[in-house]
Structures are given as C-alpha cells and as structure tokens.
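Let's take a stroll through a protein model together. Have the sequence and the 3D view open, and look things up as you go.

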Amino acid sequence: MTSTTLPYRSGHTAPGAYAGHDTTRRPSFWRAPFSSTTYREVGHTLTSLPVAVAGFAFSVTMFALGVGTLVVWLGLPVLVAALTGARALGGAERGRARSLLGLDVPAPDAPAEGLRGRLTDAAGWKALLFHTVMFPWRVLSFTLSVTFLATGWAVALFPTYSWVFHRYLDWPGYRLYDFTTDAGVHHAYYIESPAQIAAVSAIGFVLVLLTPQLVRGLTNVDRAAIRSLLSR
C-alpha cells in the first residue's frame with residue numbers, strides 16, 4: 001500500500017506533481033490562519049459531517065439488512081450491494097482527500113468476478129468499516145473546527161464591536177456575569193476598560209493561531225484512515 005501527499009502548485013507545476021493547489025508546503029505557524037491550505041482543511045472537516053452521515057446510514061442499514069436476511073439467502077445480494085456502494089463512497093472520499101487535503105492514494109483493485117469474489121472483497125469490507133467508524137470522529141471534527149474557528153475570530157475581533165454593548169444594551173461593557181445571591185450580595189463583571197478589551201482580543205488571537213494546528217491534527221486522522229482503509 002502506497003500513498004502520496006500531493007504537492008501544491010506555486011506558479012509552476014513540477015513533473016509528476018498534481019496540478020490544482022496553490023502552495024508548495026505547509027504554511028508557517030504565523031501564516032496558517034490566513035492560508036488557503038488551512039481553509040481547504042477546514043472545508044474538509046465541515047463537509048465531512050454530511051458525507052459521514054450518509055456513509056454511516058448506508059453502511060449500517062445495508063449491513064444490518066443483509067445479515068438479517070441471510071437466512072432466506074436474500075442477504076447475499078444485499079451484502080454485495082453494501083460492499084459495492086461502500087466502494088463507490090470510498091472513491092468519492094479519495095476524491096475529496098485529493099482536492100481538499102492534497103492526499104493522493106491509489107484505488108484498490110477491482111473485486112473478483114462472481115458472488116463469492118464480491119463477498120470476499122477485502123477492499124469493500126474495509127470501505128464499509130471506514131464509513132462506520134469514521135462517523136463519530138467526523139462529528140467531533142466538525143464540532144471542534146466550527147467552535148474554534150468561530151470563537152477565535154469572534155474573540156480576536158472583540159475591539160471592533162465592543163461599543164455595541166454600551167450603546168444598545170446600556171451595559172458598561174460586555175457582561176460576563178451579573179447576579180445577586182440569596183443574601184442580597186450583588187456580583188457583576190463587565191469587560192469595559194481598554195486593557196480588558198485588549199486582553200480578550202489577545203486570547204482570541206491565540207485561538208486563531210492554534211486553530212490551524214488543531215484542524216491539521218484532525219485531518220491527519222482522516223489521512224491515516226483513508227490510507228489504511230480506502231487505498232490499495
């Protein structure tokens with residue numbers, strides 16, 4: 001089994017390189033939040049959720065139906081359909097990995113002819129396993145990517161809209177909490193001073209810088225799974 005991480009194009013395409021991307025290497029730590037490479041990886045984690053839902057629903061439904069009807073032999077063609085469909089979905093996954101992750105993996109060999117050959121197709125069973133086990137991981141990847149991306153930029157840009165709370169809500173600043181205990185003691189904290197606003201923005205920029213590293217780690221799991229379960 002071999003796999004290749006595709007080089008990205010930078011003005012010229014090297015012989016044998018995959019033409020279609022626009023950088024030659026991973027962006028630096030400081031450039032990553034603004035790099036198209038990062039946002040292609042984010043796009044992969046975001047689009048992976050609906051793809052994973054469809055793949056999981058198909059794989060689990062067809063496998064359960066096939067196993068459940070084996071007693072009347074109807075399950076055999078159902079399992080063949082499940083393996084064939086899983087293979088096709090695996091091909092789509094390789095295409096997404098090629099365009100969004102820069103990862104090129106060779107397609108597995110075609111299954112042997114006949115019912116027995118298709119039922120013993122190792123690549124089909126691995127594809128079925130891929131669509132099943134990757135579902136919870138991709139739910140997690142989607143959640144973490146959206147949370148860190150949205151939170152990081154929203155907090156980093158806080159100085160640009162911090163005035164809204166004072167003007168329209170009659171708060172001295174952004175309210176973190178405001179409550180009165182049963183004993184009648186009032187507690188409140190607002191982010192209102194320039195130093196507080198700057199500190200909040202700095203925290204946001206830290207999250208912005210860390211988000212590409214997080215997304216890279218998440219997509220590396222996808223890369224490993226695709227290499228292991230969807231390639232030759």
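What follows is a short tour of the helices, the bends, the aromatic rings and a few unusual loop residues.

## Before we start

This is a predicted model, in which local features need pLDDT of at least 70 and side-chain atom pairs count only at pLDDT 80 or more, while totals for chains, interfaces and linings use all residues. Residues are numbered from 1 along each chain as its sequence is written, and side-chain values use heavy atoms, with hydrogens and water left out.

## The overall layout

The protein chain has seven helices and four strands. Here helices (H or I, at least four residues) and strands (E, at least two) are DSSP runs, numbered from the N terminus. Starting at the N terminus, the order of elements is β-α-α-β-α-α-α-α-β-β-α.

How much of the chain is buried? Of its 232 residues, 36% count as buried. Buried means under 20% relative accessible area, exposed means over 50%, and partly exposed is in between, using a 1.4 Å probe and protein chains only.

## Helix lengths

You can check a helix with a little arithmetic: its expected span is 1.5 Å times one less than its number of residues. Take α2 (residues 75-101): it has 27 residues and reaches 37 Å from its first C-alpha to its last, close to the expected 39 Å. After α2 comes Gly102, with a positive phi near 70 degrees.

Now try α4, which has 35 residues: its end-to-end reach is 49 Å, close to the expected 51 Å. Helix α7 (residues 194-229) has 36 residues and should span 52 Å; its end C-alpha atoms are 53 Å apart, which agrees.

## Two helices with bends

A bend at a residue is the angle between axes fitted to the seven residues ending there and the seven starting there. In α4, a kink of about 40 degrees lies at Phe135, shortly before the proline Pro136. In α7, the bend is about 30 degrees at Leu210, and the proline Pro212 follows within four residues.

Right by that bend in sequence is Thr211, also in helix α7. Is Thr211 buried or exposed? Thr211 is buried, because its relative accessible area is 3%. Its C-alpha is 7.8 Å from that of Gly152, although the two are 59 residues apart along the chain. Gly152 is one of the buried residues of α4, as is Ala156. Ile197, in helix α7, is buried too, at 15% relative accessible area. Ile197 and Ala156 are 41 residues apart in sequence, with 9.7 Å between their C-alpha atoms.

## Where α1 meets α4

Helix α1 (residues 36-68) packs against helix α4 (residues 122-156) at an angle of about 145 degrees, with the axes 7 Å apart. These axes are lines fitted to C-alpha atoms, for helices over the stretch in contact, and angles run from 0 to 180 degrees between N-to-C directions. The residues of this contact divide into 18 nonpolar, nine polar and one charged. For this count, Ala, Val, Leu, Ile, Met, Phe, Trp, Tyr, Cys and Pro are nonpolar, Asp, Glu, Lys and Arg are charged, and the others, Gly among them, are polar.

## Aromatic rings

How many aromatic pairs are there? The structure holds 14. Rings of Phe, Tyr and Trp (its six-membered ring) pair if their centres lie within 6.5 Å; planes under 30 degrees apart count as stacked, over 60 as edge-to-face and the rest as tilted.

Phe29 and Trp30 are edge-to-face, at 5.1 Å centre to centre and 85 degrees between the planes. Phe56 and Phe135 are stacked, at 4.5 Å and 20 degrees. This stacked pair links distant parts of the chain: Phe56 is in helix α1 and Phe135 in helix α4, 79 residues apart. Phe56 is partly exposed at 27% relative accessibility, and Phe135 is partly exposed at 23%. Elsewhere, ring pairs link Phe158, Tyr161, Phe165, Trp171, Tyr174 and Tyr190 into a cluster.

## Two loop residues to look up

Most residues other than glycine have a negative phi. Trp73 has a positive phi of about 70 degrees although it is not a glycine. You'll find Trp73 in the loop between α1 and α2, and it is exposed, with a relative accessible area of 63%.

Asp170 also has a positive phi, near 60 degrees. Asp170 sits in the loop between α6 (163-168) and β3 (174-180) and is exposed at 68% relative accessible area.
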